[in-house]
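Subject: Structure for your review

Dear colleague,

Please find below the structure that I am handing over to you. My findings follow directly after it.

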Amino acid sequence: MTTELPQNIKSGSSETQIDKSTSSWLPPGLALQKVDERIMTLNVGPQHPGSGHMRLIVQIDGDYIVACDPDPGYVHRGEEKMAEYRNYITNIPHLERPVIHDSCNILYPYVLGVEELLGIEVPERAKYLRVIGAEINRCIYIMYWLAIYGIFLGHSTMFMWPTGDRELLIDLMEKMTGARVTHSHFVPGGVRNDLPANFEDVCLRQVNYFEKRIKEYAAVFYDNPILISRTKDTGVLSRQDAIRLGTTGSVLRASGVDFDVRKKEPYDVYDELDFESIVMKEGDSYARSKVPWLDMMESCRIIRQALEKIPKSGSVRVKLKPNPKGKGFDTVYKRVESGRGSLGCYIVSDAKPEPYRLKLSVPSFRNLIALPYLLKGEKLGNMPSVYWSLNYWPVEADR
Amino acid sequence: MSSDSGKPTTDSKPDSKPDSKPDSKPDSKPDSKPESKPESKPETKPETKPETKPETKPETKPVVKKPEEKSVELPEFEKGISDKIVEKFGDKVEVAFVKKDRVGINVSRENIHNVAKFIRDGLNYDHVESVSGVDYPQNQEIAVVYHIGSYSDPSLARQILVLSTTAQREENPIPGNDATRLPTLRDVFYSVEFHEREIFEMFGVYFEGHPDNRRLLLPEDWADLPPLRKDFAIKGR
């Protein structure tokens, strides 16, 4: 591996040198910068309907983007700090707030980590229930993302269809967990509740219909020449750079790196299920937008298999004490594949009811580093498609 | 592990030769699978009483170094990784733990750059997944923990190397202008760029050589303590 950094990377910051000649030393970032006459600076967000709670400081020369400096943090809520003040059970509801659409998956590494700290073995039925919940949630997240991707490109049908079809799965999760979006379903030791009666049949029916529906998106969206002309060959991320920038999830797999945590480091029962990890070679916006869609079809396969293989009865939860404590001073790092990519949770436990430190290593934050790189030299009109193809969720990145 | 003690000790250092299989080329085919994992499924014990377990060792001081108690059967592949690092750097590094798929290395701030370079060039790790700071006011230090993984080497796909170092902690921090400093790893692993910016604002650890130590998530005019330090208290708690 060569040691040189990816070319073209200019994260807006690299030219910011701290000017120590001034009498009072300014903190980094507050020093004045020289302005070029040709370059116009454009603020996108944080109130932009598309960008979400995120500001992009874009410098343009005519129609071309010279540099882009992402400025997240508008929804920083200090989840990690809050976690240090709550015990392992009461941490559950607030930890899923960063991505309420994907709330099962963002809790997953935390729950796995706490189980490893406590040394609990989870009942088999609970493992399958978790996989079902996680896969339904993955679809719910991707549908929401896809809807916004559609409206970003001015394709309002692609906004309506996923938003409507998403309801199927939301209803399913409501049946399963009792809540439409913030389920708080995964707990250390298993899942909170068992399935309601007759859930398997309803689930199978809805998932089959859902799969049929998303296949229809090809005709209206993925094979649409307008979409193809707008996203093909824009924002190309090469395989080398995808690795070096440490991207994850659909961004990484669209650049030809086969890395799916469900395959590479299977957790719960993923090693007993048969599915593909979707990889595309192109690395452009089109590939990045297609990988999640194909992921959903694999999710449907997984759900069907899990419904078949799940033990028909049995416990779904190991009962814990109200304030579980770890086994002495210990650390654990667990990761899962969420709707956006590998999601890690690092817990430092000091044998108290609360974690000593909890860190969420979220895929949106990890993929953000690719944005300045991809946008440089791109036309301003391509910015929305490149930005949203990164599968970026601002609230998650800020935590 | 105690990721806090940056002082390398020699007691827990394994000495045997690395016995893992040689790492394959970094640019092997992306679809080659890692070795299938042997994680055997224990029988479901629905009504296990976990009450006995948490009470085993309630250590009062959180930063007391836990002795290597699991040294009965260390996973071989992971042992090989840690042995390679120890062989190269001797007592400059300290093996914090060797668990299934996880290897923990403690290193002092003077050596972290060289160790990281070796991890990248010699062991084929290629990206950093997560950089976490952990504040230890008791020891007057702030630990910075890098979780390093590999995409290009299929045999390392399951592995996470936990590289941790410590920075000196100041009682009254002036972020960026005090002794809480570490060398940056951005020139080794490009992917740490935003992570290190986050550590700087949240813990006040200034990364020397990082081209961009601006705030990332906090407001630019934040004037309080770095908020993830332990002495920054949430109101009402």
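In what follows, two strands are said to pair if DSSP finds at least two bridges between them. By that criterion, strand β1 (residues 93–99) of chain B pairs with strand β2 (residues 102–107) of chain B, since six bridges join them, and the two run antiparallel. Please note that this is a predicted model.

Confidence

The model has an ipTM of 0.83 and a pTM of 0.79. The mean pLDDT of chain B is 72, and 68% of its residues score at least 70. Residues 1–71 of chain B have a pLDDT below 50, although this stretch makes 134 contacts in the model beyond near neighbours in sequence. Among the elements of chain B, strand β4 (residues 141–149) has the highest mean pLDDT, 90, and helix α1 (residues 76–89) the lowest, 79.

The sheet of chain B

How are the five strands of chain B ordered in the open sheet? The order is β1-β2-β5-β4-β3, with mixed pairing. In chain B, β1 and β3 (127–136) each have a single partner strand and stand at the edges, so one side of each has no neighbour in the sheet. From one strand to the next, the twist averages 20°.

As general background, strands of a sheet pair through backbone hydrogen bonds, in either a parallel or an antiparallel manner.

Within the antiparallel pair, Val98(B) has Val103(B) in β2(B) as its bridge partner, and Val95(B) has Ile105(B) in β2(B). The two strands form a hairpin with two residues between them. In that turn, Asp101(B) has a positive phi of about 65°. Strand β1(B) is mostly covered, with six of its seven residues buried.

Two helices of chain B are associated with these strands. Helix α1(B) packs on the sheet and touches β1, β2 and β5 (160–168) of chain B; its direction makes about 175° with that of β1(B). Helix α2 (residues 112–121) of chain B lies across β1, β2, β4 and β5 of chain B, and runs at about 170° to β5(B).

Val107(B)

Why does Val107(B) count as buried? The cut-off is 20 or more other C-beta atoms within 10 Å, and Val107(B) counts as buried because it has 23 C-beta neighbours inside 10 Å. This residue lies in strand β2 of chain B. Leaving aside residues up to four places away in sequence, Val107(B) touches Lys92(B), Val93(B), Ile112(B), Val115(B), Leu163(B) and Thr165(B). Of these contacts, Thr165(B) is 58 residues apart from Val107(B) along the chain, yet their C-alpha atoms are separated by 5.3 Å.

Chain A

Chain A has 15 helices and eight strands. Of its 399 residues, 56% are buried. Among contacts in chain A between residues at least 6 apart in sequence, 72% join residues at least 24 apart.

Helix α4 (residues 124–152) of chain A has 29 residues, which at 1.5 Å a residue should span 42 Å; its end C-alpha atoms are 42 Å apart, so the two values agree. Because 26 of the 29 residues of α4(A) are buried, this helix is largely enclosed by the rest of the structure. After α4(A) comes Gly154(A), with a positive phi near 75°.

Yours sincerely

Conventions
Residues numbered from 1 in each chain as written. Chains lettered and ligands numbered in written order. Predicted model: local features only at pLDDT ≥ 70, side-chain atom pairs only at ≥ 80, totals over all residues. Buried ≥ 20, exposed ≤ 12 C-beta atoms within 10 Å, placed from the backbone. Helix = DSSP H or I, 4+ residues; strand = E, 2+ residues; numbered from the N terminus. pLDDT = per-residue confidence, 0-100. Contact = placed C-beta atoms within 7 Å. Expected span 1.5 Å × (residues − 1). Axes fitted to C-alpha atoms, helices over the stretch in contact; angles between N-to-C directions.
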